[in-house]
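Take a look at how one pair of helices packs, then at the fold around that pair. A short report follows.

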Amino acid sequence: MKLSERFLQNDSLSPKVDYNHDLDFLGDESSFAFGVEVSKVEASKKFPQIYKFHIGDTGPKTPEPIIDVAIQALKDKQTKYAHFLGYPQVRENIAKFWTSTRGVEIKKENILLEPGGKPAIELSIQALLNKEDQIIVQNPSYPIYASLASFYTHKKPLEWTARQNETDKTLEFEVSDLEKILEENKNIKLLFLNTPQNPTGMMMSEIKLRAIAELAKKYRFMVVFDDIYDQITFDGRKHFSILSVPGMLDYTINLNGCSKNYAMTGWRIGFVVAPEWLIEIFGQLGVNKWSCVSRTNQIVAGTIFGDVDLDGFHYSCIREKIEPILQADFAEYEKKGKFLFEALSLLSPFILPNQAEGAFYLFPNIENILKLKYVSEDLQIKNDKDFSRWLLQEKGFAAIPGSDFGSGGRGYLRLSYAEDRNNHIIPGTKHLLKIIIELLEKSATNPPLSMDQLNEKIKDLEKKYFS
Ligand SMILES: Cc1ncc(COP(=O)(O)O)c(C=O)c1O
(Lines give C-alpha, C1' and ligand atoms only; values in the text may rest on other atoms or scores of the structure.)
Protein backbone atom coordinates (compact mmCIF):
# COMPACT_ATOMS: atom_id res chain seq x y z
CA MET A 1 0.00 0.00 0.00
CA LYS A 2 1.33 3.46 -0.86
CA LEU A 3 2.17 5.61 2.11
CA SER A 4 -0.32 8.25 0.94
CA GLU A 5 -3.13 5.68 1.04
CA ARG A 6 -2.08 4.63 4.52
CA PHE A 7 -2.10 8.27 5.66
CA LEU A 8 -5.50 8.94 4.13
CA GLN A 9 -6.94 6.03 6.10
CA ASN A 10 -5.53 7.48 9.26
CA ASP A 11 -8.26 9.55 10.95
CA SER A 12 -5.85 11.11 13.40
CA LEU A 13 -3.96 12.91 10.63
CA SER A 14 -4.66 16.58 11.06
CA PRO A 15 -6.05 18.13 7.87
CA LYS A 16 -3.51 20.91 8.25
CA VAL A 17 -0.61 18.51 8.13
CA ASP A 18 0.69 17.34 4.82
CA TYR A 19 3.61 15.03 4.27
CA ASN A 20 6.33 14.66 1.68
CA HIS A 21 4.68 13.02 -1.32
CA ASP A 22 8.05 11.64 -2.44
CA LEU A 23 7.37 9.06 0.27
CA ASP A 24 5.06 7.36 -2.22
CA PHE A 25 8.21 6.25 -4.02
CA LEU A 26 9.87 4.81 -0.93
CA GLY A 27 10.01 1.04 -0.71
CA ASP A 28 10.78 -1.27 2.15
CA GLU A 29 13.10 -4.01 3.36
CA SER A 30 10.55 -6.77 3.67
CA SER A 31 12.68 -8.90 6.02
CA PHE A 32 11.87 -6.47 8.83
CA ALA A 33 8.08 -6.36 8.19
CA PHE A 34 8.02 -10.10 7.54
CA GLY A 35 9.79 -10.64 10.87
CA VAL A 36 6.88 -8.90 12.62
CA GLU A 37 4.42 -11.26 10.87
CA VAL A 38 6.51 -14.24 11.96
CA SER A 39 6.43 -13.02 15.58
CA LYS A 40 2.63 -12.72 15.41
CA VAL A 41 2.23 -16.27 14.14
CA GLU A 42 4.68 -17.45 16.78
CA ALA A 43 2.74 -15.65 19.53
CA SER A 44 -0.52 -17.23 18.34
CA LYS A 45 0.93 -20.64 19.31
CA LYS A 46 -0.66 -22.14 16.19
CA PHE A 47 2.49 -24.22 15.59
CA PRO A 48 4.83 -25.88 18.09
CA GLN A 49 7.64 -24.12 16.21
CA ILE A 50 8.18 -21.71 13.33
CA TYR A 51 11.09 -22.69 11.12
CA LYS A 52 12.97 -19.48 10.43
CA PHE A 53 14.49 -19.22 6.97
CA HIS A 54 13.55 -15.56 6.54
CA ILE A 55 16.22 -13.95 8.66
CA GLY A 56 18.86 -11.73 7.04
CA ASP A 57 20.71 -11.64 10.33
CA THR A 58 23.77 -13.64 11.29
CA GLY A 59 23.26 -16.96 13.07
CA PRO A 60 26.39 -16.87 15.24
CA LYS A 61 26.61 -14.39 18.10
CA THR A 62 29.20 -11.59 18.23
CA PRO A 63 32.57 -13.14 19.20
CA GLU A 64 33.41 -12.69 22.89
CA PRO A 65 36.68 -10.71 22.37
CA ILE A 66 34.68 -8.03 20.50
CA ILE A 67 32.25 -7.74 23.42
CA ASP A 68 35.17 -7.53 25.86
CA VAL A 69 36.60 -4.48 24.02
CA ALA A 70 33.20 -2.78 24.12
CA ILE A 71 32.82 -3.43 27.87
CA GLN A 72 36.31 -2.08 28.53
CA ALA A 73 35.64 1.02 26.42
CA LEU A 74 32.43 1.68 28.34
CA LYS A 75 34.21 1.18 31.68
CA ASP A 76 36.78 3.73 30.46
CA LYS A 77 33.81 6.08 29.98
CA GLN A 78 34.31 6.35 26.22
CA THR A 79 30.78 7.67 26.02
CA LYS A 80 30.93 11.18 24.60
CA TYR A 81 30.68 12.49 21.06
CA ALA A 82 33.37 11.11 18.80
CA HIS A 83 35.27 12.15 15.66
CA PHE A 84 32.65 12.80 12.95
CA LEU A 85 34.54 10.90 10.21
CA GLY A 86 35.88 8.21 12.54
CA TYR A 87 39.07 8.50 14.63
CA PRO A 88 42.13 8.73 12.35
CA GLN A 89 43.75 5.64 13.92
CA VAL A 90 40.59 3.57 13.44
CA ARG A 91 40.33 4.65 9.81
CA GLU A 92 44.08 4.01 9.38
CA ASN A 93 43.62 0.43 10.66
CA ILE A 94 40.76 -0.22 8.23
CA ALA A 95 42.74 1.42 5.40
CA LYS A 96 45.71 -0.89 6.03
CA PHE A 97 43.48 -3.96 5.99
CA TRP A 98 41.81 -2.78 2.78
CA THR A 99 45.18 -2.08 1.18
CA SER A 100 46.40 -5.59 1.98
CA THR A 101 43.18 -7.39 0.99
CA ARG A 102 42.32 -5.30 -2.10
CA GLY A 103 45.84 -4.79 -3.42
CA VAL A 104 45.37 -1.08 -3.97
CA GLU A 105 46.58 1.74 -1.76
CA ILE A 106 43.76 2.95 0.48
CA LYS A 107 44.40 5.84 2.87
CA LYS A 108 42.49 6.84 5.97
CA GLU A 109 41.19 9.81 3.94
CA ASN A 110 39.32 7.23 1.83
CA ILE A 111 37.35 5.93 4.82
CA LEU A 112 34.25 7.12 6.68
CA LEU A 113 32.70 5.31 9.62
CA GLU A 114 28.91 5.15 9.60
CA PRO A 115 26.13 3.53 11.62
CA GLY A 116 25.96 0.23 9.68
CA GLY A 117 26.85 -0.29 6.04
CA LYS A 118 23.43 0.76 4.78
CA PRO A 119 23.78 4.58 5.07
CA ALA A 120 26.31 4.47 2.20
CA ILE A 121 23.41 3.77 -0.16
CA GLU A 122 21.64 7.05 0.56
CA LEU A 123 24.90 9.00 0.97
CA SER A 124 25.91 7.97 -2.57
CA ILE A 125 22.64 9.13 -4.07
CA GLN A 126 22.53 12.38 -2.10
CA ALA A 127 26.14 13.20 -2.89
CA LEU A 128 26.05 12.46 -6.61
CA LEU A 129 22.61 12.60 -8.12
CA ASN A 130 21.36 15.53 -10.15
CA LYS A 131 17.86 15.90 -11.56
CA GLU A 132 18.40 14.17 -14.88
CA ASP A 133 20.65 11.38 -13.53
CA GLN A 134 19.72 7.71 -13.56
CA ILE A 135 20.53 4.72 -11.39
CA ILE A 136 20.95 1.05 -12.32
CA VAL A 137 20.18 -1.75 -9.86
CA GLN A 138 20.55 -5.50 -10.21
CA ASN A 139 17.23 -7.32 -10.46
CA PRO A 140 16.80 -9.19 -8.14
CA SER A 141 18.79 -7.37 -5.47
CA TYR A 142 18.76 -6.00 -1.93
CA PRO A 143 15.56 -3.92 -2.00
CA ILE A 144 16.92 -0.76 -0.37
CA TYR A 145 18.84 0.19 -3.53
CA ALA A 146 15.67 0.40 -5.64
CA SER A 147 13.68 1.90 -2.79
CA LEU A 148 16.03 4.87 -2.31
CA ALA A 149 16.70 5.21 -6.04
CA SER A 150 12.93 5.58 -6.62
CA PHE A 151 12.55 7.95 -3.68
CA TYR A 152 15.14 10.34 -5.10
CA THR A 153 14.43 10.03 -8.83
CA HIS A 154 10.62 9.66 -8.62
CA LYS A 155 10.70 6.65 -10.89
CA LYS A 156 11.80 3.05 -10.93
CA PRO A 157 15.55 2.68 -11.43
CA LEU A 158 16.89 1.01 -14.57
CA GLU A 159 17.12 -2.71 -13.96
CA TRP A 160 19.94 -5.04 -14.86
CA THR A 161 17.87 -8.20 -14.83
CA ALA A 162 19.45 -11.61 -14.31
CA ARG A 163 18.91 -14.17 -17.07
CA GLN A 164 17.24 -17.40 -16.13
CA ASN A 165 18.84 -20.68 -17.22
CA GLU A 166 16.06 -22.59 -18.97
CA THR A 167 16.92 -25.97 -17.50
CA ASP A 168 17.93 -25.46 -13.90
CA LYS A 169 16.39 -21.97 -13.51
CA THR A 170 19.57 -20.54 -11.96
CA LEU A 171 20.08 -16.82 -12.44
CA GLU A 172 23.06 -15.13 -14.03
CA PHE A 173 23.87 -11.46 -14.62
CA GLU A 174 25.30 -11.01 -18.12
CA VAL A 175 27.61 -8.04 -18.62
CA SER A 176 26.38 -7.64 -22.21
CA ASP A 177 22.91 -6.84 -20.80
CA LEU A 178 24.42 -4.14 -18.61
CA GLU A 179 26.28 -2.66 -21.57
CA LYS A 180 23.02 -2.53 -23.53
CA ILE A 181 21.42 -0.48 -20.74
CA LEU A 182 24.42 1.85 -20.77
CA GLU A 183 24.23 2.29 -24.53
CA GLU A 184 20.50 2.92 -24.58
CA ASN A 185 20.26 5.37 -21.68
CA LYS A 186 21.83 8.70 -20.87
CA ASN A 187 23.09 10.24 -17.63
CA ILE A 188 23.74 7.07 -15.72
CA LYS A 189 25.41 8.07 -12.50
CA LEU A 190 25.32 5.02 -10.25
CA LEU A 191 25.31 1.24 -10.49
CA PHE A 192 24.50 -0.71 -7.33
CA LEU A 193 26.44 -3.95 -7.38
CA ASN A 194 26.47 -6.61 -4.68
CA THR A 195 28.63 -9.73 -4.30
CA PRO A 196 28.31 -12.19 -2.54
CA GLN A 197 24.72 -11.34 -3.26
CA ASN A 198 21.60 -10.94 -1.18
CA PRO A 199 19.14 -12.53 -2.06
CA THR A 200 20.75 -15.20 -4.27
CA GLY A 201 23.96 -16.12 -2.41
CA MET A 202 25.72 -15.93 -5.80
CA MET A 203 29.20 -14.50 -6.26
CA MET A 204 30.21 -12.45 -9.27
CA SER A 205 33.31 -13.69 -11.07
CA GLU A 206 36.53 -11.68 -11.35
CA ILE A 207 36.15 -11.66 -15.14
CA LYS A 208 32.73 -10.02 -14.92
CA LEU A 209 33.85 -7.54 -12.28
CA ARG A 210 36.81 -6.53 -14.45
CA ALA A 211 34.47 -6.06 -17.42
CA ILE A 212 32.09 -3.92 -15.31
CA ALA A 213 35.06 -1.84 -14.14
CA GLU A 214 35.93 -1.12 -17.78
CA LEU A 215 32.34 -0.09 -18.43
CA ALA A 216 32.40 2.27 -15.42
CA LYS A 217 35.47 3.98 -16.85
CA LYS A 218 34.10 4.07 -20.40
CA TYR A 219 30.63 5.35 -19.51
CA ARG A 220 31.85 7.31 -16.47
CA PHE A 221 29.55 6.17 -13.69
CA MET A 222 30.24 5.25 -10.07
CA VAL A 223 29.84 1.70 -8.82
CA VAL A 224 28.35 1.38 -5.35
CA PHE A 225 30.13 -1.87 -4.61
CA ASP A 226 28.42 -3.61 -1.71
CA ASP A 227 30.58 -6.46 -0.47
CA ILE A 228 29.24 -6.59 3.08
CA TYR A 229 29.38 -10.44 2.96
CA ASP A 230 32.90 -10.53 1.48
CA GLN A 231 34.42 -12.96 3.99
CA ILE A 232 31.55 -15.46 3.92
CA THR A 233 32.51 -17.48 0.83
CA PHE A 234 32.58 -21.24 0.24
CA ASP A 235 34.58 -24.00 -1.46
CA GLY A 236 37.72 -21.90 -1.46
CA ARG A 237 36.07 -19.24 -3.65
CA LYS A 238 37.83 -15.93 -3.18
CA HIS A 239 35.89 -12.71 -3.19
CA PHE A 240 37.21 -10.29 -5.80
CA SER A 241 36.84 -6.57 -5.14
CA ILE A 242 36.22 -4.19 -8.02
CA LEU A 243 38.62 -1.85 -6.18
CA SER A 244 41.43 -4.23 -7.15
CA VAL A 245 41.10 -3.19 -10.80
CA PRO A 246 43.69 -0.44 -11.43
CA GLY A 247 42.11 3.02 -11.41
CA MET A 248 38.81 1.87 -9.88
CA LEU A 249 39.21 3.73 -6.59
CA ASP A 250 38.12 6.80 -8.58
CA TYR A 251 34.91 5.07 -9.64
CA THR A 252 33.98 3.05 -6.53
CA ILE A 253 31.96 3.64 -3.41
CA ASN A 254 32.64 0.50 -1.40
CA LEU A 255 29.94 -0.31 1.19
CA ASN A 256 31.17 -2.61 3.94
CA GLY A 257 31.15 -2.90 7.72
CA CYS A 258 31.08 -5.18 10.72
CA SER A 259 27.48 -6.44 10.53
CA LYS A 260 27.77 -9.71 8.62
CA ASN A 261 31.45 -10.71 8.73
CA TYR A 262 31.77 -10.12 12.49
CA ALA A 263 28.18 -10.98 13.50
CA MET A 264 27.49 -7.42 14.66
CA THR A 265 24.24 -6.54 12.88
CA GLY A 266 22.64 -4.85 15.89
CA TRP A 267 25.67 -2.78 16.84
CA ARG A 268 25.23 -0.50 13.81
CA ILE A 269 28.83 0.01 12.77
CA GLY A 270 29.92 0.07 9.18
CA PHE A 271 32.20 2.01 6.87
CA VAL A 272 32.46 3.23 3.33
CA VAL A 273 35.61 3.40 1.20
CA ALA A 274 35.55 6.03 -1.55
CA PRO A 275 37.60 8.75 -3.26
CA GLU A 276 38.77 11.44 -0.80
CA TRP A 277 36.58 14.18 -2.23
CA LEU A 278 33.48 12.00 -1.76
CA ILE A 279 34.43 11.09 1.80
CA GLU A 280 34.49 14.82 2.56
CA ILE A 281 30.96 15.19 1.20
CA PHE A 282 29.78 12.04 2.96
CA GLY A 283 31.28 13.37 6.20
CA GLN A 284 29.30 16.58 5.90
CA LEU A 285 26.12 14.65 5.11
CA GLY A 286 26.84 12.37 8.08
CA VAL A 287 27.19 15.31 10.47
CA ASN A 288 23.79 16.48 9.29
CA LYS A 289 22.29 13.05 9.95
CA TRP A 290 23.96 11.22 12.83
CA SER A 291 26.78 13.57 14.04
CA CYS A 292 29.21 10.71 14.66
CA VAL A 293 29.38 6.97 15.19
CA SER A 294 29.48 6.00 18.89
CA ARG A 295 32.96 6.01 20.42
CA THR A 296 32.59 2.50 21.74
CA ASN A 297 31.73 1.18 18.29
CA GLN A 298 34.63 3.10 16.76
CA ILE A 299 37.06 1.54 19.24
CA VAL A 300 35.61 -1.92 18.65
CA ALA A 301 35.82 -1.56 14.85
CA GLY A 302 39.37 -0.24 15.16
CA THR A 303 40.60 -3.18 17.25
CA ILE A 304 39.27 -5.67 14.71
CA PHE A 305 41.96 -4.33 12.37
CA GLY A 306 44.73 -2.99 14.67
CA ASP A 307 45.58 -1.29 17.98
CA VAL A 308 43.62 1.75 19.12
CA ASP A 309 44.80 4.46 21.52
CA LEU A 310 42.24 6.99 22.66
CA ASP A 311 42.24 9.54 25.48
CA GLY A 312 45.07 7.83 27.34
CA PHE A 313 43.62 4.33 27.02
CA HIS A 314 45.09 1.52 24.95
CA TYR A 315 43.02 -1.17 23.21
CA SER A 316 44.95 -4.05 21.62
CA CYS A 317 44.11 -5.56 18.25
CA ILE A 318 41.80 -8.60 18.63
CA ARG A 319 42.25 -9.96 15.10
CA GLU A 320 44.18 -13.06 16.17
CA LYS A 321 41.67 -13.85 18.90
CA ILE A 322 38.59 -13.59 16.70
CA GLU A 323 39.96 -15.20 13.53
CA PRO A 324 39.47 -18.86 14.66
CA ILE A 325 35.96 -18.03 15.90
CA LEU A 326 35.05 -16.43 12.56
CA GLN A 327 36.53 -19.29 10.55
CA ALA A 328 34.41 -21.77 12.54
CA ASP A 329 31.29 -19.62 11.96
CA PHE A 330 31.96 -19.42 8.20
CA ALA A 331 32.58 -23.17 8.02
CA GLU A 332 29.22 -23.77 9.70
CA TYR A 333 27.48 -21.49 7.15
CA GLU A 334 29.13 -23.47 4.37
CA LYS A 335 27.99 -26.82 5.73
CA LYS A 336 24.42 -25.59 6.22
CA GLY A 337 24.35 -24.09 2.72
CA LYS A 338 25.55 -27.30 1.10
CA PHE A 339 23.19 -29.42 3.18
CA LEU A 340 20.25 -27.23 2.15
CA PHE A 341 21.27 -27.31 -1.53
CA GLU A 342 21.54 -31.09 -1.62
CA ALA A 343 18.36 -31.61 0.39
CA LEU A 344 16.27 -29.34 -1.85
CA SER A 345 17.75 -30.96 -4.95
CA LEU A 346 16.09 -34.21 -3.84
CA LEU A 347 12.78 -32.75 -4.99
CA SER A 348 14.04 -31.38 -8.29
CA PRO A 349 12.48 -30.26 -10.64
CA PHE A 350 9.74 -29.11 -8.26
CA ILE A 351 12.15 -27.01 -6.27
CA LEU A 352 15.37 -25.98 -8.00
CA PRO A 353 18.06 -24.50 -5.76
CA ASN A 354 21.25 -22.71 -6.82
CA GLN A 355 24.62 -23.71 -5.31
CA ALA A 356 25.65 -22.06 -2.05
CA GLU A 357 28.54 -19.77 -3.03
CA GLY A 358 28.58 -17.11 -0.32
CA ALA A 359 26.65 -15.02 2.24
CA PHE A 360 23.95 -17.24 3.80
CA TYR A 361 21.18 -17.39 1.22
CA LEU A 362 19.84 -19.78 -1.39
CA PHE A 363 17.32 -18.66 -3.99
CA PRO A 364 15.47 -21.76 -5.18
CA ASN A 365 13.00 -21.61 -8.04
CA ILE A 366 9.50 -22.79 -7.07
CA GLU A 367 7.60 -22.21 -10.34
CA ASN A 368 6.88 -25.92 -10.74
CA ILE A 369 5.22 -25.97 -7.32
CA LEU A 370 3.10 -22.95 -8.23
CA LYS A 371 1.94 -24.76 -11.39
CA LEU A 372 0.56 -27.74 -9.43
CA LYS A 373 -3.19 -28.13 -9.74
CA TYR A 374 -3.86 -28.39 -6.01
CA VAL A 375 -1.70 -25.30 -5.38
CA SER A 376 -3.08 -23.00 -8.09
CA GLU A 377 -6.72 -24.15 -8.06
CA ASP A 378 -7.57 -25.50 -4.62
CA LEU A 379 -5.30 -23.30 -2.54
CA GLN A 380 -5.57 -20.38 -4.99
CA ILE A 381 -1.86 -19.69 -4.63
CA LYS A 382 -0.91 -17.64 -7.67
CA ASN A 383 2.66 -16.53 -7.05
CA ASP A 384 5.67 -16.63 -4.73
CA LYS A 385 4.14 -14.00 -2.42
CA ASP A 386 0.98 -16.09 -1.91
CA PHE A 387 3.11 -19.19 -1.40
CA SER A 388 5.35 -17.50 1.19
CA ARG A 389 2.26 -16.22 3.07
CA TRP A 390 0.64 -19.68 2.97
CA LEU A 391 3.83 -21.37 4.16
CA LEU A 392 3.99 -19.06 7.16
CA GLN A 393 0.29 -18.89 8.05
CA GLU A 394 -0.65 -22.52 7.38
CA LYS A 395 2.58 -24.45 7.80
CA GLY A 396 4.79 -22.46 10.18
CA PHE A 397 7.64 -22.11 7.68
CA ALA A 398 9.06 -18.61 7.20
CA ALA A 399 10.80 -17.60 3.94
CA ILE A 400 10.75 -14.33 1.99
CA PRO A 401 9.17 -14.32 -1.49
CA GLY A 402 11.69 -13.79 -4.28
CA SER A 403 9.67 -10.98 -5.86
CA ASP A 404 10.32 -8.81 -2.78
CA PHE A 405 13.79 -8.39 -4.34
CA GLY A 406 12.49 -7.26 -7.72
CA SER A 407 10.55 -8.71 -10.64
CA GLY A 408 13.60 -10.88 -11.46
CA GLY A 409 12.88 -12.83 -8.27
CA ARG A 410 9.35 -13.84 -9.28
CA GLY A 411 8.82 -17.55 -8.82
CA TYR A 412 11.66 -17.90 -6.29
CA LEU A 413 11.96 -18.02 -2.51
CA ARG A 414 14.83 -16.54 -0.52
CA LEU A 415 15.96 -19.09 2.03
CA SER A 416 18.38 -17.84 4.66
CA TYR A 417 20.34 -20.59 6.39
CA ALA A 418 21.78 -18.30 9.06
CA GLU A 419 19.69 -19.79 11.86
CA ASP A 420 20.69 -22.60 14.18
CA ARG A 421 21.31 -25.93 12.48
CA ASN A 422 19.53 -28.23 14.94
CA ASN A 423 16.52 -26.04 15.75
CA HIS A 424 15.84 -24.64 12.31
CA ILE A 425 17.93 -25.70 9.31
CA ILE A 426 17.77 -29.50 9.58
CA PRO A 427 14.19 -29.95 10.88
CA GLY A 428 12.96 -26.96 8.84
CA THR A 429 14.37 -28.35 5.60
CA LYS A 430 12.69 -31.68 6.30
CA HIS A 431 9.43 -29.85 7.08
CA LEU A 432 9.56 -27.90 3.80
CA LEU A 433 10.29 -31.01 1.73
CA LYS A 434 7.41 -32.88 3.37
CA ILE A 435 5.08 -29.99 2.58
CA ILE A 436 6.14 -30.16 -1.08
CA ILE A 437 5.63 -33.95 -1.22
CA GLU A 438 2.14 -33.47 0.23
CA LEU A 439 1.35 -30.81 -2.38
CA LEU A 440 2.51 -33.18 -5.14
CA GLU A 441 0.41 -36.03 -3.82
CA LYS A 442 -2.67 -33.83 -3.52
CA SER A 443 -2.11 -32.76 -7.13
CA ALA A 444 -1.94 -36.42 -8.21
CA THR A 445 1.70 -35.96 -9.24
CA ASN A 446 4.29 -38.56 -8.34
CA PRO A 447 6.92 -37.10 -6.01
CA PRO A 448 10.54 -37.98 -6.85
CA LEU A 449 10.78 -39.55 -3.36
CA SER A 450 8.43 -41.08 -0.83
CA MET A 451 8.33 -39.66 2.70
CA ASP A 452 10.29 -42.68 3.97
CA GLN A 453 12.96 -42.32 1.31
CA LEU A 454 13.16 -38.63 2.13
CA ASN A 455 13.77 -39.32 5.82
CA GLU A 456 16.57 -41.73 4.92
CA LYS A 457 18.21 -39.31 2.49
CA ILE A 458 18.08 -36.44 4.96
CA LYS A 459 19.69 -38.65 7.59
CA ASP A 460 22.51 -39.41 5.11
CA LEU A 461 23.01 -35.72 4.41
CA GLU A 462 23.07 -34.93 8.13
CA LYS A 463 25.81 -37.52 8.53
CA LYS A 464 27.70 -36.21 5.50
CA TYR A 465 27.80 -32.61 6.68
CA PHE A 466 27.41 -32.56 10.45
CA SER A 467 28.80 -35.68 12.07
C1 LIG B 1 23.42 -6.61 0.55
C2 LIG B 1 23.29 -5.86 1.81
N3 LIG B 1 23.82 -4.64 1.91
C4 LIG B 1 23.72 -3.92 3.02
C5 LIG B 1 23.06 -4.40 4.13
C6 LIG B 1 22.94 -3.55 5.35
O7 LIG B 1 23.99 -3.78 6.23
P8 LIG B 1 24.04 -3.08 7.64
O9 LIG B 1 23.21 -3.89 8.58
O10 LIG B 1 25.50 -3.06 8.03
O11 LIG B 1 23.52 -1.70 7.50
C12 LIG B 1 22.47 -5.67 4.08
C13 LIG B 1 21.71 -6.20 5.21
O14 LIG B 1 20.99 -7.16 5.15
C15 LIG B 1 22.59 -6.43 2.88
O16 LIG B 1 22.06 -7.66 2.77
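In this predicted model, helices α5 and α9 are roughly perpendicular to each other. Their axes cross at roughly 110°, and angles of 65 to 115 degrees count as roughly perpendicular, so the label applies. The two axes come within 10 Å. Helix α5 covers residues 119-128, and helix α9 covers residues 276-289.

Which residues of α5 and α9 meet? From α5 come Leu123, Gln126 and Ala127. From α9 come Leu278, Ile281, Phe282 and Leu285. By class, this contact has six nonpolar residues, one polar residue and no charged residues.

Trp277 also lies in helix α9. Is Trp277 buried or exposed? The count of other C-beta atoms within 10 Å of Trp277 is 11, and 12 or fewer means exposed, so Trp277 is exposed. Thr200 is 77 residues from Trp277 along the chain. The C-alpha atoms of Trp277 and Thr200 are separated by 33 Å.

Next, the domains. The domain assignment splits the protein into two parts, listed here with the residues that each gives to the contact between them.

| Domain | Residue range | Residues in contact with the other domain |
|---|---|---|
| Domain 1 | 3-60 + 324-466 | 35 residues |
| Domain 2 | 64-320 | 33 residues |

The C-alpha centres of domain 1 and domain 2 lie 27 Å apart. On the side of domain 1 that touches domain 2, the elements giving two or more residues are α11 (319-345) and β13 (361-362). Helix α11 gives the most, with five residues. By class, that side of domain 1 has 13 nonpolar, 13 polar and nine charged residues.

Now the whole protein. Its secondary structure comes to 16 helices and 16 strands. The C-alpha trace spans about 70 × 55 × 50 Å along its principal axes. A compact globule of 467 residues would have a radius of gyration near 23 Å; the protein has 23 Å, so the value agrees with that rule. Of the 467 residues, 46% count as buried.

How are contacts spread along the chain? Take contacts between residues at least 6 apart in sequence: 70% of them join residues at least 24 apart.

Methods: Residues numbered from 1 in each chain as written. Predicted model: local features only at pLDDT ≥ 70, side-chain atom pairs only at ≥ 80, totals over all residues. Axes fitted to C-alpha atoms, helices over the stretch in contact; angles between N-to-C directions. Helix = DSSP H or I, 4+ residues; strand = E, 2+ residues; numbered from the N terminus. Parallel < 35°, antiparallel > 145°, perpendicular 65-115°, else oblique. Contact = placed C-beta atoms within 7 Å. Nonpolar A, V, L, I, M, F, W, Y, C, P; charged D, E, K, R; others polar. Domains from an automatic or database assignment. Rg over C-alpha atoms; globule rule 2.2 N^0.38 Å. Buried ≥ 20, exposed ≤ 12 C-beta atoms within 10 Å, placed from the backbone.
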